[in-house]
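Here is a walk through two interfaces and one sheet, written for someone with the structure open in another window. Have a look at the chains before reading on.

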10 protein chains.
Amino acid sequence: MITSREEVTAMIVAHKVQTNIKWSDVAAAIGLSKEWTTAACLGQMTFTKAQAEQVGEIFGLSDEAIAWLQIVPYKGSLPTAVPTDPLIYRWYEVVNVYGSTIKELIHEEFGDGIMSAIDFSMDIQREENPAGDRVNVVLSGKFLPYKTY
Amino acid sequence: MITSREEVTAMIVAHKVQTNIKWSDVAAAIGLSKEWTTAACLGQMTFTKAQAEQVGEIFGLSDEAIAWLQIVPYKGSLPTAVPTDPLIYRWYEVVNVYGSTIKELIHEEFGDGIMSAIDFSMDIQREENPAGDRVNVVLSGKFLPYKTY
Amino acid sequence: MITSREEVTAMIVAHKVQTNIKWSDVAAAIGLSKEWTTAACLGQMTFTKAQAEQVGEIFGLSDEAIAWLQIVPYKGSLPTAVPTDPLIYRWYEVVNVYGSTIKELIHEEFGDGIMSAIDFSMDIQREENPAGDRVNVVLSGKFLPYKTY
Amino acid sequence: MITSREEVTAMIVAHKVQTNIKWSDVAAAIGLSKEWTTAACLGQMTFTKAQAEQVGEIFGLSDEAIAWLQIVPYKGSLPTAVPTDPLIYRWYEVVNVYGSTIKELIHEEFGDGIMSAIDFSMDIQREENPAGDRVNVVLSGKFLPYKTY
Amino acid sequence: MITSREEVTAMIVAHKVQTNIKWSDVAAAIGLSKEWTTAACLGQMTFTKAQAEQVGEIFGLSDEAIAWLQIVPYKGSLPTAVPTDPLIYRWYEVVNVYGSTIKELIHEEFGDGIMSAIDFSMDIQREENPAGDRVNVVLSGKFLPYKTY
Amino acid sequence: MITSREEVTAMIVAHKVQTNIKWSDVAAAIGLSKEWTTAACLGQMTFTKAQAEQVGEIFGLSDEAIAWLQIVPYKGSLPTAVPTDPLIYRWYEVVNVYGSTIKELIHEEFGDGIMSAIDFSMDIQREENPAGDRVNVVLSGKFLPYKTY
Amino acid sequence: MITSREEVTAMIVAHKVQTNIKWSDVAAAIGLSKEWTTAACLGQMTFTKAQAEQVGEIFGLSDEAIAWLQIVPYKGSLPTAVPTDPLIYRWYEVVNVYGSTIKELIHEEFGDGIMSAIDFSMDIQREENPAGDRVNVVLSGKFLPYKTY
Amino acid sequence: MITSREEVTAMIVAHKVQTNIKWSDVAAAIGLSKEWTTAACLGQMTFTKAQAEQVGEIFGLSDEAIAWLQIVPYKGSLPTAVPTDPLIYRWYEVVNVYGSTIKELIHEEFGDGIMSAIDFSMDIQREENPAGDRVNVVLSGKFLPYKTY
Amino acid sequence: MITSREEVTAMIVAHKVQTNIKWSDVAAAIGLSKEWTTAACLGQMTFTKAQAEQVGEIFGLSDEAIAWLQIVPYKGSLPTAVPTDPLIYRWYEVVNVYGSTIKELIHEEFGDGIMSAIDFSMDIQREENPAGDRVNVVLSGKFLPYKTY
Amino acid sequence: MITSREEVTAMIVAHKVQTNIKWSDVAAAIGLSKEWTTAACLGQMTFTKAQAEQVGEIFGLSDEAIAWLQIVPYKGSLPTAVPTDPLIYRWYEVVNVYGSTIKELIHEEFGDGIMSAIDFSMDIQREENPAGDRVNVVLSGKFLPYKTY
């Protein structure tokens with residue numbers, strides 16, 4: 001009996017380690033971005049029935065596991081509040097060092113409100129650069145204003 | 001006697017509240033991006049002597065305060081490990097929900113290493129959109145590979 | 001020199017303690033709900049110039065303080081992550097005990113997404129009841145769906 | 001041997017994922033609100049013998065599991081003090097941002113005391129709205145005054 | 001300008017240290033129990049106007065301070081989540097060691113619900129005992145049952 | 001192989017759930033108070049050989065488990081420093097809200113020292129009351145004075 | 001106005017830094033051990049009137065400060081739960097590494113109970129040793145058994 | 001396959017519970033103090049091959065387990081930073097209440113430096129006393145001075 | 001099915017305990033430093049296919065495990081934010097006590113920026129010394145300057 | 001009145017910001033390494049009388065402040081357990097990622113024990129390098145073995 005989405009994520013990851021399939025190939029197979037697809041395979045998003053079945057085929061999942069892929073998961077992909085992994089920590093550091101800057105500049109442009117993390121997309125690209133290649137990431141979120149009532 | 005950079009940041013912010021000068025105008029005055037300039041005014045970056053003097057003039061700072069602007073600060077702009085402000089929290093949430101995805105995709109493209117938060121720049125723009133304007137942010141960091149030795 | 005919104009909040013609260021003005025009267029004076037008005041006076045929302053001036057008059061604030069009321073504040077009104085005050089703790093307890101229930105039922109009705117805390121309003125009312133009066137609170141937030149991309 | 005209510009909750013959830021039965025149908029079957037029923041199925045409330053047997057039939061539980069449903073559970077449905085799941089976090093954010101407001105307004109109306117989280121009910125409804133449907137939630141709790149003695 | 005109840009509590013405590021008045025005498029003066037009176041003087045309860053004026057006279061408080069005594073305070077009297085003071089820690093230890101026992105026995109007698117900490121009183125007495133005097137404390141709280149709805 | 005007292009506690013609790021035996025009946029069987037007996041069955045106290053054997057018979061424990069009941073356990077019955085269960089939280093709240101009061105009144109009566117949590121007993125009773133039954137708890141602990149040396 | 005014992009401790013420490021008086025001389029002056037006397041001067045113990053006056057004379061304290069020395073303090077002398085100072089950390093390390101050993105050996109000798117930290121004394125001595133002098137500390141605490149009831 | 005020292009510790013403890021062998025007898029068998037021996041059996045110290053084999057014989061350990069006893073363990077014997085067990089907490093309380101005192105007196109006698117927790121021994125003894133037996137503990141650690149360079 | 005790198009690390013460590021192979025011999029076998037090799041075997045670095053196969057042979061790993069060695073791991077080798085093991089704590093202590101010093105001196109020499117922990121190497125050596133051998137560690141990290149943009 | 005070493009550290013730092021004196025010049029003036037001298041000026045080490053007077057002259061300190069420099073300070077130079085400043089965090093990251101490696105290799109070479117952080121020195125140097133200059137740091141600490149007793 002599978003009792004959590006985490007178990008299905010572990011099956012997907014274990015299968016991927018053995019087969020070396022790329023996330024971008026999985027994404028191509030289901031016709032979505034590599035960012036959303038990876039997040040969903042890692043247990044952060046909800047698949048439709050059709051998507052879940054494709055994913056199930058790719059990773060050799062049982063019907064029971066495929067059912068779990070269609071359930072809204074409890075989100076949050078990190079084991080500690082401050083991440084210990086250096087790659088992920090650098091992102092936390094950006095939030096820590098630039099957090100007040102981001103807040104000031106968005107408010108200067110838009111007024112009081114937030115940048116949505118739900119109506120949101122992300123695109124990660126390699127920029128070739130003779131001084132060392134760069135990771136370029138575009139985050140795009142709808143601005144949601146606070147309203148008076 | 002000024003004994004910390006935080007005191008200078010408070011002076012800058014207090015002056016800005018009363019005069020309503022925009023960060024982008026400050027940035028234009030010293031000829032740098034609004035992102036770097038705001039971070040520096042909020043106590044996260046180090047000004048050169050010339051920049052510090054310009055900033056000092058804009059915000060009416062004393063020589064003592066201007067000296068502090070040229071000292072490398074103790075960085076970190078948030079009062080708690082998990083931010084309480086909704087705008088900044090959404091960024092923390094992105095790290096939390098998408099952290100493992102970001103890690104997977106950067107490693108898939110570049111191998112083991114990190115995206116630098118030091119050799120790094122950020123650009124925040126408004127994208128007009130009939131369904132509601134969007135905040136678009138481009139993060140660009142050099143990829144730094146782990147090496148064997 | 002006023003260097004933070006917290007100082008203005010302290011002035012408002014101290015003035016209110018001495019004059020015993022009611023939040024609902026402040027709200028009536030500026031023509032908004034008592035919930036939004038109180039949150040704004042307690043440093044969680046941003047006033048327009050006109051509202052700030054009215055509030056300034058009610059609480060006897062200086063021009064410097066009135067300027068601060070128009071700046072987007074760093075939000076978060078509680079001193080600890082788990083609140084110690086019994087009234088506020090009961091709300092935290094509701095989130096803790098019913099959190100998974102709320103999640104299940106909203107997803108059952110709407111699919112994957114969240115109830116916005118930004119496009120959001122709150123209404124607090126007394127319900128007279130012979131078995132003891134009740135506090136009735138209506139929370140209304142726009143549903144924001146996660147989308148694939 | 002079943003040694004905790006959490007194991008029974010896991011069985012219920014796993015069964016629900018495979019059968020796709022709705023919480024509102026379970027609630028209808030036992031004649032109670034969907035909110036209370038879901039909370040109880042998720043291990044936060046105590047069933048009577050009759051209710052436990054109905055629930056056991058719906059979810060295919062053993063007698064041993066049905067016995068556990070009638071025991072008062074150790075409550076608390078979230079894995080961390082600050083929730084990481086975005087939907088549940090928004091509720092925590094409301095407590096954080098509006099906590100002092102809620103406190104002020106309840107005290108203004110009722111004096112010193114609390115809104116009970118025990119003599120309490122919750123009702124979650126969809127409000128159709130051309131600008132995007134809304135989640136409307138009514139919380140109703142008895143006011144309990146502090147008394148002198 | 002007094003901006004918090006904590007300042008008034010500090011005035012009361014400082015005055016008491018110099019005059020050595022006993023809490024039980026303060027309680028007698030305002031005609032309430034020593035337990036409630038002490039809690040109120042330490043900033044945990046709300047005085048009526050008449051009580052506040054009596055307390056103000058006893059501790060030599062200004063009108064501004066007396067106004068604060070009539071405002072519902074933000075409760076919580078300990079500086080850390082786990083208390084460091086040995087006397088108070090022993091109470092925390094009782095909750096820690098006997099917590100599950102208290103829960104079991106109250107549920108065995110009353111079913112699901114809680115012992116109120118609001119409709120609550122406490123009485124602290126010395127019991128003379130040749131083997132060493134004992135502190136006897138009676139806690140009395142109304143049982144509040146969880147109800148189905 | 002049983003490697004911790006927690007495993008034995010789980011056996012006892014699981015057996016109790018199935019048989020519905022009451023703690024007070026267990027207490028009567030071994031001739032001690034229901035409070036001490038429950039605490040001991042929940043892994044907080046140490047049984048003598050004779051008591052352990054009686055308890056073993058009641059709950060159908062193996063000799064290996066009975067041996068564990070006679071070993072001094074690592075005490076502490078709560079999974080988090082701040083309890084999430086509403087019933088137990090109310091007790092933590094009492095320590096938090098009344099902690100400074102308890103300290104003041106015990107010192108006023110006894111001088112510097114503590115109320116023992118070791119030479120300690122607890123008695124939990126129902127008080128019938130037309131306004132709603134009450135939980136009455138008597139805590140009795142020896143006063144232990146700090147001495148100079 | 002002095003509003004806390006911490007202020008008096010700060011006065012004592014500041015005076016000691018300037019005069020270089022030794023704790024052992026203070027102890028000799030009031031006729032008690034250097035361990036108790038130091039703890040009391042650092043705000044952890046309660047002086048009698050006579051002792052407080054002697055201490056006041058030694059450290060040049062005002063009558064107001066001397067009154068505070070006779071009040072039972074809120075104990076706990078460290079700024080963080082895990083101490084950062086290397087000397088004090090080594091003691092925390094001993095509790096961490098040897099904690100389970102101490103527990104086992106005291107229970108092996110005495111049965112269930114604790115070593116009192118109230119009916120307790122400490123003696124710190126230098127042991128001359130050619131391989132490097134040693135700090136020898138004797139801790140002596142009354143054994144307090146748990147009793148059944 | 002045994003993958004951690006904790007598993008070996010669990011085997012030792014489980015065997016001891018069933019056989020009731022005393023730590024002092026184990027210590028006598030391997031010719032070392034009861035304090036070091038207990039710490040080592042509880043996974044805090046490293047045995048030599050000869051000692052490990054003796055211990056293995058006493059507790060009926062496999063060769064695989066005996067190999068683990070000879071590996072330097074990851075030390076730390078407590079499950080939480082602030083211990084919940086009353087006996088061990090009393091030691092933590094001593095560090096908390098007397099920490100600043102210990103620091104002052106060691107520095108007064110020895111200057112800047114620490115008392116080693118490595119070149120360290122401990123001796124736990126019962127002192128018979130008509131007022132109640134006492135636990136006497138001698139801690140002896142080499143003083144290590146900070147040096148300038 | 002192996003679902004995490006931690007499981008492979010546990011296999012390596014368990015095998016090493018039984019065979020007593022030295023890390024320096026493993027390093028020699030794959031032609032890299034003992035520091036990098038140990039970190040990689042303990043799950044902090046990524047092996048190439050060739051290295052993974054050599055390591056697999058040394059530690060008797062299955063093909064499934066060898067596949068995991070080539071996947072970038074989630075880094076972080078300590079169970080708690082503040083380490084409890086005395087050897088590792090000393091390093092944390094160095095960061096705590098000397099952290100501000102390291103920051104000042106690197107900035108004095110290089111200006112604003114960091115010492116990379118990615119383009120980084122470490123060399124641990126024994127220095128024989130009549131006063132007691134010393135551990136000498138050389139850390140070498142590229143200086144990465146913050147740039148303006 | 002100066003009541004803590006932190007105040008003296010703030011004076012030194014404020015003076016340094018205005019005069020731009022280098023730590024290495026201060027070190028040269030008192031004839032010690034720049035590492036020890038900086039740590040001492042930042043409040044982590046204890047000066048002799050002669051050194052304190054030299055430091056006092058350099059930074060224009062009062063006699064009262066100079067007295068504080070000769071008192072052993074409460075050590076620990078960071079405001080949070082996990083440092084937020086990127087430069088210092090990288091060192092924490094090294095402890096986190098390489099902590100288990102350092103432990104393994106020191107134990108492999110020396111057996112059970114620690115590398116002292118007291119009998120310890122540090123040397124920070126710039127290494128010119130065409131691929132980007134490097135920070136080289138040599139840490140040297142005496143090995144202290146655990147002994148049996």
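## Where chain G meets chain F

Let's start with the contact between chain G and chain F, which buries about 2500 Å², with carbon and sulfur atoms giving 65% of that area. Keep in mind that this is a predicted model. On the chain G side, the residues that lose the most area to chain F are G:I118, G:Y146 and G:Y149, and together they make up 33% of what that side buries. The contact takes in 28 residues of chain G and 28 residues of chain F.

There is some charge pairing here too: 4 salt bridges are counted between chain G and chain F. One to click on joins F:K147 to G:D119, at 3.2 Å from N to O. Polar contacts between chain G and chain F come to 11 residue pairs, with both residues at pLDDT 80 or more.

## What chain G brings to chain F

Which elements of chain G give two or more residues to the side that touches chain F? They are α3 (34–41), α6 (86–110), β1 (113–127) and β2 (134–145) of chain G. Of these, β1(G) gives the most, with 7 residues.

Sorted by class, the side of chain G that touches chain F has 15 nonpolar residues, 7 polar ones and 6 charged ones.

## A sheet shared by chains G and H

Strand β1(G) also belongs to an open sheet of 4 strands, in the order β1(G)-β2(G)-β2(H)-β1(H), with antiparallel pairing. The edges are β1 of chain G and β1 (113–127) of chain H, each of which pairs on one side only. On average, neighbouring strands of this sheet are turned by 20° against each other, ignoring direction.

Within chain G, β1(G) and β2(G) pair antiparallel over 11 bridges. To find your place in the ladder, look for G:M122, which stands opposite G:L139 in β2(G). And what lies across the strands β1 and β2 of chain G together with β1 and β2 (134–145) of chain H? That is α6(G), which runs at about 20° to β1(H).

## Where chain B meets chain A

Now swing over to chain B and chain A, which bury about 6600 Å² between them, 65% of it on carbon and sulfur atoms. Each partner's share of the contact is easy to remember: 68 residues from chain B and 68 residues from chain A.

The rule finds 6 salt bridges across the interface of chain B and chain A. A:E109 and B:R126 form a salt bridge, with their closest N and O atoms 2.8 Å apart. Across the interface of chain B and chain A there are also 34 residue pairs in polar contact, both residues being at pLDDT 80 or more.

## What chain B brings to chain A

On the side of chain B that touches chain A, at least two residues each come from α2 (23–30), α3 (34–41), α6 (86–110), β1 (113–127) and β2 (134–145) of chain B. The largest share of that side is from α6(B), with 24 residues. By class, the side of chain B that touches chain A holds 34 nonpolar, 16 polar and 18 charged residues.

Strands meet across the two chains as well: β2 (residues 134–145) of chain A pairs with β2(B) in the antiparallel sense, over 9 bridges. If you want a residue to start from, take A:S140, whose bridge partner in β2(B) is B:N136.

Note on methods. Residues numbered from 1 in each chain as written. Chains lettered and ligands numbered in written order. Predicted model: local features only at pLDDT ≥ 70, side-chain atom pairs only at ≥ 80, totals over all residues. Heavy atoms only, no water. Contact = heavy atoms within 4.5 Å. Buried area = accessible area lost by both parts, 1.4 Å probe. Salt bridge = Lys/Arg side-chain N within 4 Å of Asp/Glu carboxyl O. Polar contact = N/O pair within 3.5 Å; in protein donor to acceptor, adjacent residues only side chain to side chain. Nonpolar A, V, L, I, M, F, W, Y, C, P; charged D, E, K, R; others polar. Pairing = 2+ DSSP bridges. Axes fitted to C-alpha atoms, helices over the stretch in contact; angles between N-to-C directions.
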